[in-house]
Amino acid sequence: MEKTAIENPVLVVMGVSGSGKSTVAGFLAGTLGWELAEGDDFHPAANVAKMAEGHPLADEDRWPWLDTIAGWIKDRDTLGEPGVVTCSALKKKYRDVLRGPNVVFIYLHGGKTRISERLQARHGHFMPPELLQSQFEALEEPTPDENVLIVDIEGTPAEEAHRIIDALGLKATAHGEGGTR
């Protein structure tokens, strides 16, 4: 799906836990030479502890976290710089907080079985695999009017990142600094 190029876009790599947000975002930021922010790093300690104990977050837990990510996005926009940030952004009302003129949502879409396998293989993350069901229950898949690029997670993270770059008309320079075509 070809999207119209946006000057200095902020890519919000979204999806349920285990969909590959951090890995794909890392490939994107590295290939394009853009700043990367890991959405999990914006969670308050109480949210991390709650998830680590096996409890899903409620909306009231998410609002301060989403506001912090939205602030990071606004900073990129104010500076006129592109960027990549990860955020589950499971519900439309969460994406509405993050939305802006230069925001493109990259929805990493995959089935529960595939993602569950990924979660079982992941070590050292605070989000236990048992919470995957709650993520799918909360998920409101984005619609085309939300400036979204849907990427099926059937390839490697590097392949997925390159499909995103091609679909958005982005390119990396010889020094890894990216831009729009």
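These legends describe close-up views of salt bridges in a predicted model.

**View 1. The Glu81–Arg76 salt bridge.** Glu81 pairs with Arg76. Their closest N and O atoms are 2.8 Å apart. The two partners differ in burial class. Arg76 is buried, at 5% relative accessibility. Glu81 is partly exposed, with a relative accessible area of 35%. This pair belongs to a structure that holds 9 salt bridges.

**View 2. The Lys92–Asp96 salt bridge in helix 4.** Lys92 forms a salt bridge with Asp96. The closest N and O atoms lie 3.2 Å apart. Both residues sit in helix 4, which spans residues 92-98. They are 4 residues apart, so about one helical turn separates them. Lys92 is partly exposed, with a relative accessibility of 36%. Asp96 is also partly exposed, at 37%.

**View 3. The Arg95–Glu146 salt bridge.** Here Arg95 meets Glu146, with 2.7 Å between the closest N and O atoms. Arg95 lies in helix 4. Glu146 lies in the loop between helix 6 (132-138) and strand 5 (148-152). The pair therefore ties together parts that are 51 residues apart in sequence. Arg95 is buried, and so is Glu146.

**View 4. A network of salt bridges around Arg95 and Glu146.** Shared partners link several salt bridges into one network. Its members are Lys92, Arg95, Asp96, Arg99 and Glu146. Among the pairs in view are Lys92 with Asp96 and Arg95 with Glu146. Lys92 and Asp96 are partly exposed, whereas Arg95 and Glu146 are buried.

Note on methods
Residues numbered from 1 in each chain as written. Predicted model: local features only at pLDDT ≥ 70, side-chain atom pairs only at ≥ 80, totals over all residues. Heavy atoms only, no water. Salt bridge = Lys/Arg side-chain N within 4 Å of Asp/Glu carboxyl O. Buried < 20%, exposed > 50% of the residue type's maximum accessible area, 1.4 Å probe, protein only. Helix = DSSP H or I, 4+ residues; strand = E, 2+ residues; numbered from the N terminus.
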